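Visitor: Please take me through this entry and set each term against its definition.

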Amino acid sequence: MTVWKLAERLRIAVVGLPLALGGCDKEPRQSAPRAIVIIDAGQRDAPAPAPDAELDAAAPADAAPAPIASVRLPPLRACSEGSWCAPHGQAASHASTRAADFQGCATDLRMRKNSQDFSLVISRSRTKAKQDAGQDLCCYTWSARCKATPGRALLDRGAVVLAELLGGPLPPGGDDDRARTWAERGLGEHASIAAFARAASELAAVDAPPALLAATVRAGRDEVAHARGCFALASRHAGARIQPGPLPALAARPGGLAAIAHDSFLEGCVHETLSVPAALDWQRHASPEERPLLARIIRDETRHAELAWRTVAWAVAAGGPEARDALADAAARARADFAAHPAWPILVEPTLALI
Ligand SMILES: [Fe+2]
Ligand SMILES: [Fe+2]
């Protein structure tokens with residue numbers, strides 16, 4: 001039974017981890033026990049995976065995971081969020097580099113408070129209501145940094161790297177909230193293509209098992225499809241072609257097993273794992289035209305999360321104490337940003353404890 005069929009049968013997405021304990025096997029143990037976390041999804045309309053004979057020939061068949069844990073996630077609304085209004089000048093002092101203008105207000109803000117990063121997005125309806133009432137205010141909705149990127153993150157010295165939209169930020173007005181949402185998802189998917197390309201290169205440099213390398217290359221191809229789908233929906237909502245610009249150049253990384261354990265945990269185990277419940281949350285509010293893409297993203301990101309955990313488990317088993325210390329360092333960093341995420345204690349910590 002494939003992972004997808006299991007998910008369909010149980011209305012779940014599955015994150016699995018083959019334990020690579022005891023020794024430094026180059027090949028992951030396909031028969032090893034798996035930790036399975038089951039989360040409520042209700043997805044039934046995903047298209048079948050596209051056949052990829054060339055890559056599938058080198059990759060192991062999807063194993064039937066044996067569930068040992070079953071958890072229903074709480075609503076992700078528990079991620080702290082709210083609304084905030086401030087005078088133009090105060091808001092402008094926090095404007096992000098991608099901010100546009102709406103009635104004299106910067107549309108996107110970034111803020112750091114009490115050691116936590118927040119992103120704020122203009123609320124056009126509240127801003128217009130305040131200004132119509134004679135109040136010189138800009139109003140925003142804010143959310144804590146605990147939201148993951150939609151897929152494998154492209155990190156550069158700990159910071160998430162995204163391209164800008166070609167031609168600059170989306171203009172305000174019309175149906176642009178949906179266009180903006182899909183454009184932002186598309187930028188995350190676009191960055192994931194580069195993240196997997198870099199990961200494949202780093203795995204090849206340490207002579208990783210062919211199955212891991214092939215799965216990493218295949219995952220990058222999934223991200224191409226995700227990015228195309230997101231930008232197609234963004235363009236449809238915007239009524240104009242929306243596409244990503246170039247990614248910034250990245251700093252070189254040292255590579256090696258310890259670095260792979262560290263970086264794959266942050267980029268994959270954290271962001272890919274947490275992107276699955278986020279996508280499930282999007283799916284609950286999706287229109288019929290958006291559902292097929294979201295169903296594919298949920299299916300693929302579930303597989304990518306499993307790949308990330310499998311990669312980290314292998315790197316720690318092969319890399320020994322240095323790799324284990326690097327993983328512990330990465331986990332401490334991630335907790336600072338994501339421990340407040342409602343899925344963190346259910347999905348990430350229990351799986352991490354098994355490595
Ligand atoms: Fe993706
Ligand atoms: Fe992904």
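Visitor: How do you know that the end C-alpha atoms of α6 are as far apart as the helix should span?

Guide: This is a predicted model, in which local features need pLDDT of at least 70, side-chain atom pairs count only at pLDDT 80 or more, and totals for chains, interfaces and linings use all residues. Residues are numbered from 1 along each chain as its sequence is written, and chains are lettered from A and ligands numbered from 1 in the order in which they are written. The expected span of a helix is 1.5 Å times one less than its number of residues; the 29 residues of α6 should therefore span 42 Å, and the end C-alpha atoms are 42 Å apart, which agrees. Just after α6, G239 takes a positive phi of about 75°.

Visitor: What makes a run a helix or a strand?

Guide: Both are DSSP runs, numbered from the N terminus: H or I over at least four residues for a helix, E over at least two for a strand. On that basis the chain has 9 helices and 10 strands.

Visitor: Why is the set with A234 and L327 called a nonpolar core?

Guide: The term denotes buried Ala, Val, Leu, Ile, Met, Phe, Trp, Tyr and Cys residues joined through C-beta atoms within 7 Å, where buried requires 20 or more other C-beta atoms within 10 Å, C-beta atoms being placed from the backbone. The largest such core has 70 residues, and A234 and L327 are among those touching the most other members. The largest share of this core, 22 residues, comes from α8.

Visitor: Which residues belong to the second core?

Guide: That separate core of 10 residues includes C105, I122, C138 and Y140.

Terms used
Buried ≥ 20, exposed ≤ 12 C-beta atoms within 10 Å, placed from the backbone.
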